[in-house]
Amino acid sequence: DLLDVVGKFATATHTGEPLHHKLAGTINYLTTHQLQGQVLNETMDKFKPPENCINLSVPTVNAQIWGHLSTTIKMQDVRLQCFLKLLSTGITAYARTLNGDSVSSEQQDALALLCNTQFEINCLRK
C-alpha cells in the first residue's frame with residue numbers, strides 16, 4: 001500500500017531547542033519571503049568581502065572558457081554566482097558579528113556550515 005511505502009522512506013523531522021519567539025518569527029518570515037531588490041542591494045552593499053578572505057569573492061569564469069559554454073550552462077552558472085554572492089555576503093555579515101578572539105562552539109559550527117555550503121556550491125560550478 002502507498003502509505004506503507006511512504007512511511008518506509010519518510011524521515012523523522014528532528015528539531016532542537018526553540019529560539020526566542022521574535023527571532024523565530026523573523027527567520028520564519030525571511031525564509032518564506034524574498035527581499036525586494038533595493039533592500040537586498042542596500043543590505044549587500046554593507047558587507048563587502050574582507051580583503052583577507054579572498055574565497056568570499058565570487059570567482060568569474062575565464063573569458064575563453066565562457067565563450068565556449070552553451071547558453072543553458074551560462075544561465076545556470078549566473079544563477080549559481082548569484083547564490084554564491086548572497087551566501088558570501090551573509091557569511092561576511094555573520095563573521096563581522098564575531099569576536100575573533102572569543103568564538104563560541106555554536107558560532108564555530110554555524111560558520112563551518114555556512115562555509116561548507118559555499119564550498120559545495122563552488123564545486124557545482126567546476
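Let's start at Arg125, a residue of helix α6, which spans residues 105-125. The model is a predicted one, and in it Arg125 is buried, with a relative accessible area of 18%. The cut-off for calling a residue buried is under 20%, so the 18% of Arg125 falls within that class. Leaving aside residues up to four places away in sequence, Arg125 touches Val58, Pro59, Thr60, Val61, Asp77, Leu80, Gln81 and Leu84.

**Salt bridges**

One of those contacts deserves a second look. Asp77 forms a salt bridge with Arg125, and the closest N and O atoms are 2.7 Å apart. Asp77 belongs to helix α5 and Arg125 to helix α6, so this pair ties together parts that are 48 residues apart in sequence. How accessible is Asp77? Its relative accessibility is 7%, and Asp77 therefore counts as buried. Arg125, at 18%, is buried as well.

In general, side chains of opposite charge can pair when their charged atoms come close. The structure holds 2 salt bridges. Besides the Asp77 pair, there is one between Asp45 and Lys48, where the closest N and O atoms are 3.5 Å apart. Asp45 is partly exposed, with 48% relative accessibility.

**Pockets**

Now for the open spaces. Rolling a probe the size of a water molecule over the atoms shows where empty space is left. The largest pocket holds about 500 Å³ of space. Its lining is made of 14 residues, and those closest to the pocket centre are Leu30, Leu35, Leu40, Leu86 and Gly90. Two or more lining residues come from each of α2 (21-30), α3 (37-45) and α5 (71-96). Among these elements, α5 gives the most, with 4 residues.

The second largest pocket brings us back to familiar residues. About 270 Å³ of space lies in this pocket, and 13 residues line it, the closest to its centre being Val61, Asp77, Asn122, Arg125 and Lys126. Both partners of the salt bridge between Asp77 and Arg125 are thus among the residues closest to the centre of the second largest pocket. Val61, one of the residues that Arg125 touches, is also in that central group. Helices α5 and α6 each supply at least two residues of this lining, and the largest share, 4 residues, comes from α5.

What kinds of residues line the two pockets? The table sets them out.

| Pocket | Volume | Lining residues | Nonpolar | Polar | Charged |
|---|---|---|---|---|---|
| Largest | about 500 Å³ | 14 residues | 8 residues | 6 residues | no residues |
| Second largest | about 270 Å³ | 13 residues | 7 residues | 3 residues | 3 residues |

The lining of the largest pocket has no charged residues, whereas that of the second largest pocket has 3.

**Cysteines**

How many disulfides does the structure hold? The count is 0. For Cys53, the nearest cysteine sulfur is that of Cys115, 8.4 Å away, and Cys53 is in no disulfide. A disulfide needs two cysteine sulfur atoms within 2.5 Å, so the 8.4 Å between the sulfurs of Cys53 and Cys115 does not qualify. Cys53 is partly exposed, at 32% relative accessibility.

Cys82 is likewise in no disulfide, and its nearest cysteine sulfur, that of Cys123, is 19 Å away. With a relative accessibility of 46%, Cys82 counts as partly exposed.

Note on methods. Residues numbered from 1 in each chain as written. Predicted model: local features only at pLDDT ≥ 70, side-chain atom pairs only at ≥ 80, totals over all residues. Heavy atoms only, no water. Buried < 20%, exposed > 50% of the residue type's maximum accessible area, 1.4 Å probe, protein only. Contact = heavy atoms within 4.5 Å. 1 Å grid on protein atoms, 1.4 Å probe; cavity = no way out; pocket = protein on both sides within 12 Å on 5 of 7 lines; lining within 4 Å. Points joined across faces, edges and corners; volume = space filled by probe spheres on them. Nonpolar A, V, L, I, M, F, W, Y, C, P; charged D, E, K, R; others polar. Salt bridge = Lys/Arg side-chain N within 4 Å of Asp/Glu carboxyl O.
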